[in-house]
Every structure is written in C-alpha cells, then in structure tokens.
Amino acid sequence: MTIGEMIRQGFHYARTCRSLWLFGFFVGIASGGSGGGSGRGAGSGGGAGAAGFPFAVSSTDFLPVLLVIIGVVVILGVVVMLMHFVSEGALIEGIVKAREGGRMTTGDGFRAGWTHWGVLLRIALIYFAMVAGSLLLLAAPVVLAIRASGGIGATAVALGIPAIIVAVPWLITLYLVQAFAARIAVIENRRAIDAIRKARLFLHGRLMHGLKLIVATFVGTVAIGLLAAAVMLPVVLLLVALVPVLNVGPVIAIGCMVVFPVIYVLVAMLGTFRSSVWTIGYVTEVTT
C-alpha cells in the first residue's frame, strides 16, 4: 500500500465508523495530559484562600480538601487510562470487522475492549520499560563523561553523537514493535510477550512499511489539525462578534454548546484515524 492509500482508508473508517467515535475520542486525547491543568487549578484555589475570598478554605481544612482534589484527579486519571486501553482494543476489532463488511456497535466495542485492555496495558508497560532502559543505557556514558570532565567536553560529544545515531532507529523500531504487537494481541488473541515476539518477527523486512505508517499517521494528523482550524476559526470569530450584542455570559454558553461537540467529533475522528492506519497496515500485510 502507498502512503496515500493508507491515509485514504484511514479517513474512510474515521468518517464512516461513527459507532467507534467514543473510543476514538479516548484514544485521540491520550497524548494530551490533564494533570497540568488540574495542578494549576489547585494552585489557584490556594491563592484564593490566601486572598481571603468569601469561600476561602481555612488552613485546618486545607489538607482534607487537597486530599479530595488529589483523589478525584487520580480517579479521573485511572478512568482515562483504562478507557484508553479499552478504546484501543475496541477500535482494532471494530476496524477489522468493518473491513470484513460488518459493523460494531458501541456495546460490542466495550465488550471487545474490556476483553483486551489488560494485554494492551502490559504491552505498553513493557514498551515503556524498554524505552526507559534504552535511554538510560545510551545516556550513561555521556553523563559519566560530563561529570568526569566537569562540563560538555570533546569526550562527551564524541560519545553523544553515536548514542543519538543509535537511539533514533532503535526507538523507532521499539515504537513499531509496540504498535504491531497491540494489533497482534487483539486480532490473534495472544499474550503480551507472545505478541511482542511475533511483532518483532513481523517487522523483519517490513521496516519501510512501518515508516510509511508513521508518515501516513503524521500527515493525516496534520490534515485533521488543519480541518479543525478551518472549522473553529469562523466559529470563534462569530462568537467574538456576538459579545457586544449578547454579552459575555450567553456567548460563552452558546460557545460551549457549539464548540464542545465539534471538538469531540474532531478528536474522535483523529483517534479513529490513527488507530485505523496501523490496523490496516498490519492486516493488509498479513492477508496479502
């Protein structure tokens, strides 16, 4: 398959498989972190208390409130993480079924995703451990050279350049193995280690195919980003123009009712597209 064909098919499933949009939404937001925003919100609350606002929290009550906030954030983080892996499994099975002419409902997607979320989590943890271990191993000689010379000297540079040359293709390879292992685990119902081993064997002779999938995913993501800008810019300009007429409050309410559904659809399509490209890329290679 060419990169153009991968992108075209990915967009086709992202547009037509609307029952998978909920799962695509959670996959689409996976790269974004909500912890930073929550942290800033907690900091703002503390400032309000210090300034003596009417609903300020006393110092004796601050710790329980902080613990509640932290607990809520942790619970939300766990739910989002769980939904990410459930959604990834649902998308993989949903796209495979769509390619075969079938259709997966949202309920079917939850059942499929719940079946496979554990193995997808284990694959992700193994991938993270391998990336972290590889970076530590490659960076250790450079760090030791810097500490020995008291700065970035010729030795550190001489060690750092080969480390970068080795790190880039190795990390790309690990990413490809992880992406294919996830498809193998779900489609073929394999355990994590078994799926990783088969993904490593599958990648032999198909490195260029994996690079094409990376490019297709990147180009499609940029295209959806440009589409989002094209859709959102007129809406934002219209809302700004309505402020003198309707005041800020009603405009914010209208904006929420209009903007949030648009954002949901675009993020859902993005997540569905990205997962579809990799699933299509694996299935077409296996079946041809």
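**A cavity, aromatic pairs and salt bridges**

The largest cavity in this structure has a volume of about 50 Å³. The model shown above is a predicted one. With a lower limit of 30 Å³, the count comes to 1 cavity. Which residues line the largest cavity? They are Ile-123, Tyr-127, Met-130, Leu-174, Val-177, Gln-178 and Ile-196. Two helices, α5 (106-149) and α6 (154-187), each supply at least two residues of this lining. By character, the lining residues divide into 6 nonpolar and 1 polar, with no charged residue among them. Gln-178 is one of the lining residues, and it counts as polar because Gln is neither in the nonpolar group nor in the charged group.

The next topic is the aromatic rings. A pair of aromatic rings is described by the distance of the centres and the angle of the planes. The structure holds 10 aromatic pairs. One of them joins Phe-23 and Phe-110, whose ring centres are 5.1 Å apart. The planes of these two rings stand at 70°, so the pair is edge-to-face, given that planes over 60 degrees apart receive that description. This pair links distant parts of the chain, for Phe-23 lies in helix α2 (residues 21-28) and Phe-110 in helix α5, 87 residues apart. Is Phe-23 buried or exposed? Its relative accessibility is 0%, so Phe-23 counts as buried. Phe-110, by contrast, is partly exposed, because its relative accessible area is 33%, and partly exposed covers values between 20% and 50%.

A second aromatic pair is formed by Trp-114 and Trp-117, with 5.9 Å from centre to centre. The angle between their planes is 40°, and the pair is tilted. Both residues belong to helix α5, and because they are 3 residues apart there, about one helical turn separates them. Trp-114 has a relative accessibility of 53% and therefore counts as exposed. Trp-117 is partly exposed, since its relative accessible area is 25%. Elsewhere, ring pairs link Tyr-175, Phe-180, Phe-202, Trp-278 and Tyr-282 into a cluster.

The final topic is charge. Side chains of opposite charge can pair when their charged atoms come close. How many salt bridges does the structure hold? There are 6 salt bridges. In one of them, the side chains of Asp-108 and Arg-111 meet at 2.4 Å, N to O. Asp-108 and Arg-111 both lie in helix α5, where they are 3 residues apart, about one turn of the helix. Asp-108 is partly exposed because its relative accessible area is 25%, whereas Arg-111, at 53%, is exposed.

Glu-188 takes part in a further salt bridge, with Arg-190, and the closest N and O atoms of the two are 2.7 Å apart. With relative accessible areas of 25% for Glu-188 and 27% for Arg-190, each of these residues is partly exposed. Glu-188 also meets the side chain of Lys-198 in a salt bridge, at 2.6 Å from N to O. This pair links distant parts of the chain: Lys-198 is in helix α7 (residues 192-203), while Glu-188 is in the loop between α6 and α7, 10 residues apart. Lys-198 counts as partly exposed because its relative accessibility is 28%. Together with Asp-194, the residues Glu-188, Arg-190 and Lys-198 are linked in a network of salt bridges.

Definitions and conventions: Residues numbered from 1 in each chain as written. Predicted model: local features only at pLDDT ≥ 70, side-chain atom pairs only at ≥ 80, totals over all residues. Heavy atoms only, no water. 1 Å grid on protein atoms, 1.4 Å probe; cavity = no way out; pocket = protein on both sides within 12 Å on 5 of 7 lines; lining within 4 Å. Points joined across faces, edges and corners; volume = space filled by probe spheres on them. Helix = DSSP H or I, 4+ residues; strand = E, 2+ residues; numbered from the N terminus. Phe/Tyr/Trp six-rings, centres within 6.5 Å; stacked < 30°, edge-to-face > 60°. Buried < 20%, exposed > 50% of the residue type's maximum accessible area, 1.4 Å probe, protein only. Salt bridge = Lys/Arg side-chain N within 4 Å of Asp/Glu carboxyl O.
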